[in-house]
Amino acid sequence: MACGRDTLAKLLGGVRKFETDVYPESAELFESLASSQSPSTLFITCADSRISPSLITQTEPGELFIVRNVGNIVPAYGEMLGGVSSAIEYAVGALKVKNVIICGHSNCGAMGALMDLNSPKLDSLPTVKSWMRHGEAARAALGDLKAEDAGPEDIRSLAEYNVLLQLVHLRTHPTVVRALAQGALKLQGWFYDIPKGEILILDEGTRKTRTVESVLEEMGATEGQAA
């Protein structure tokens, strides 16, 4: 099914279908969520319309606490106390989520902007330009590569470096530091390859990608040893 610009009428039609077909099939679930939530995971990802967190993780309402912004950015604590910082504080400190995922993706427009923040193209987007400065250290990892010489693989590398950088920023947040020290929280970086429908896990130690299968096998082995 080709994606296009949905009209308001189409969106409202979708709401009607939800109310008449989808909701009745899961009424018990929605009723259980009426007065409280207890998500297991804080999922931080890009605002890009091509990403559907619940779809790629196959989770139901109530399982993910989702934060979305341009470039899946997490400002270091104290640099910009706002929506992202407050969501992290609430998810980790109040909701006691067990996991935090930061997920970047392929062909990310924000990474294209980050490749050259001095481009005249960003003059009409001053807020985006300012926001993306929270990813400048990731851009530095590509060295002196000129924006005009950057290809798809370079943009992908930048997206991966950016996820790793935002994980570093995440560790400056007091609630995260506290939960990590208590062994109550796990952090993980993902890269979503949209055309392949594939999630890769970013290893912070090696800065390389790993398949979901290899990580699951390792987790299974670890759990087996613990048992």
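**Cysteines, a buried helix face and two empty spaces**

The sulfur of C103 lies 9.3 Å from the closest cysteine sulfur, that of C46, and this is too far for a bond. I begin with that distance, colleagues, and I should say at once that the model before you is a predicted one. C103 counts as buried, because its relative accessibility is 0%.

What, then, is the nearest cysteine sulfur to C46? It is that of C108, 4.2 Å away, and C46 is in no disulfide. A disulfide requires the two sulfur atoms to be within 2.5 Å, so neither the 9.3 Å of C103 nor the 4.2 Å of C46 meets the cut-off. For the model as a whole, the count of disulfides is zero. C46 also counts as buried, because its relative accessibility is 5%, and the limit for that term is under 20%.

C108 leads me to the next topic, the enclosed space. The count of cavities of 30 Å³ or more comes to one, and the space inside the largest cavity is about 30 Å³. Its lining consists of G71, N72, G104, H105, C108, M111, A159, N162 and V163. Two elements, β3 and α8, each give two or more residues to this lining. Helix α8 provides the largest share, namely three residues. In character, the lining of the largest cavity comprises four nonpolar residues, five polar residues and no charged ones.

I now turn to helix α8 itself, and to two of its side chains. N162, which we have just met in the cavity lining, lies in this helix. Is N162 buried or exposed? It is buried, because its relative accessible area is 0%. Its side chain reaches the backbone oxygen of G71 at 3.0 Å. When residues up to four places away in sequence are not counted, N162 touches G71, N72, I73, M111, L114, G135 and A138.

The second side chain is that of Q166, also found in helix α8, which spans residues 152-170. Q166 counts as buried because its relative accessibility is 0%. Which side chain does Q166 join through a polar contact of 2.9 Å? The partner is N162. The side chain of Q166 further reaches the backbone nitrogen of V74, at 2.9 Å. Leaving aside neighbours within four places in sequence, the contacts of Q166 are N72, I73, V74, I102, H134 and G135. If you have the structure open, please compare the two contact lists: N72, I73 and G135 appear for N162 and for Q166.

From the enclosed space I move to the open one. The largest pocket has a volume of about 820 Å³. How many residues line the largest pocket? There are 32, and those nearest its centre are I101, Q188, W190, V215 and M219. The elements that contribute two or more residues to this lining are β1 (41-46), α3 (53-57), β3 (99-105), β4 (186-193), β5 (198-202) and α10 (212-226). Helix α10 supplies the largest share, seven residues. The lining of the largest pocket divides into 15 nonpolar, nine polar and eight charged residues. Strand β3 thus gives two or more residues to the lining of the pocket and also to that of the cavity.

Finally, I draw your attention to two residues with a particular backbone angle. N107 has a positive phi of about 50°, although it is not a glycine. This residue lies in the loop between β3 and α5, the latter covering residues 109-115. N107 counts as exposed, because its relative accessibility is 59%, and exposed requires over 50%. The C-alpha atoms of N107 and E31 are separated by 39 Å, with the two residues 76 places apart along the chain.

R207 likewise has a positive phi, of about 60°, and is not a glycine. It is found in the loop between β5 and β6, where β6 covers residues 209-211. R207 is classed as partly exposed, because its relative accessible area is 44%.

To close, let me restate three points. The model contains zero disulfides. The buried side chains of N162 and Q166 are joined by a polar contact of 2.9 Å. The largest pocket, of about 820 Å³, takes the largest share of its lining from α10.

Definitions and conventions
Residues are numbered from 1 along each chain as its sequence is written. This is a predicted model: local features need pLDDT of at least 70, side-chain atom pairs count only at pLDDT 80 or more; totals for chains, interfaces and linings use all residues. Side-chain values use heavy atoms; hydrogens and water are left out. On a 1 Å grid over the protein atoms alone, a cavity is a set of points where a 1.4 Å probe fits but cannot get out, and a pocket is an open set with protein on both sides within 12 Å along at least five of seven lines; lining residues have an atom within 4 Å of a point. Grid points are joined across faces, edges and corners, and a volume is the space filled by probe spheres set on the points. Helices (H or I, at least four residues) and strands (E, at least two) are DSSP runs, numbered from the N terminus. Ala, Val, Leu, Ile, Met, Phe, Trp, Tyr, Cys and Pro count as nonpolar, Asp, Glu, Lys and Arg as charged, and the others, Gly among them, as polar. Buried means under 20% relative accessible area, exposed over 50%, partly exposed in between (1.4 Å probe, protein chains only). A polar contact is a pair of N or O atoms within 3.5 Å; within protein, one must be able to donate a hydrogen and the other to accept it, and residues adjacent in sequence count only if both atoms are side-chain atoms. Contact means heavy atoms within 4.5 Å.
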